[in-house]
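Visitor: I would like a close look at the backbone of this chain, and at the loops in particular. Could you take me through the places that deserve a careful look?

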Amino acid sequence: MMGHWPLTVLLTSLLWVTCRTAPAECHFSSQALCEYEGRSYSLGESWMERGCVQCTCLHPIGVGCCETIHRPVDFPAWCEVRVETLTCTVRLVQSADPRLPCVAHGNSLDPSHGALDMQLAG
């Protein structure tokens, strides 16, 4: 394994560069093959898997994968995150009515307490 040290550093850097634009969950598998849907990939090549996950071949040491979507982390409890996996887009919506958007910043009053009605009336 000591002989692979420079290669490991290089490949880890490659994975970091590939995933740095989307601070999201990443994972690495030393047992995974550089194959997806019947196609083989070479060192440094990437592919997009279902669920908005981009993987990079790090042969001979494995495969690294990262989510490509940005998930909001600071939003009101009455909101929820919806992910459209076909387009890899994220929407923040009201839990009570997912058709309505949720404002993550600013005046985030819980509509279940009638605060939204007061805000509109005032």
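Guide: In this predicted model, buried residues make up 28% of the 122 residues in the chain, and the secondary structure comes to two helices and eight strands, which run from the N terminus as α-β-β-β-β-β-β-β-β-α. With that order in mind, we can turn to the loops. Most residues other than glycine have a negative phi, and most peptide bonds are trans. Against that background, C52 draws attention, since this residue is not a glycine and yet has a positive phi, near 65°. C52 sits in the loop between β4 (46–49) and β5, and C52 counts as buried because its relative accessible area, 1%, is under the 20% cut-off.

Following the chain onward, we come to the loop between β5 (53–57) and β6 (63–67), which is where P60 is placed. The peptide bond that leads from H59 into P60 is cis, and its omega is near 15°.

Further along, in the loop between β7 (79–84) and β8 (89–94), lies C88, which is again not a glycine but has a positive phi, of about 55°. The relative accessible area of C88 is 28%, so this residue is classed as partly exposed, a class that lies between the limits of 20% and 50%.

Stepping back to the whole chain, residues 24 or more positions apart account for 39% of the contacts with a separation of 6 or more. The accessible surface of the chain comes to about 8,400 Å², and 58% of that surface belongs to carbon and sulfur atoms.

How values were computed:
Residues numbered from 1 in each chain as written. Predicted model: local features only at pLDDT ≥ 70, side-chain atom pairs only at ≥ 80, totals over all residues. Heavy atoms only, no water. Helix = DSSP H or I, 4+ residues; strand = E, 2+ residues; numbered from the N terminus. Buried < 20%, exposed > 50% of the residue type's maximum accessible area, 1.4 Å probe, protein only. Contact = heavy atoms within 4.5 Å. Areas by Shrake-Rupley, 256 points an atom, 1.4 Å probe, with all protein chains shown as cover.
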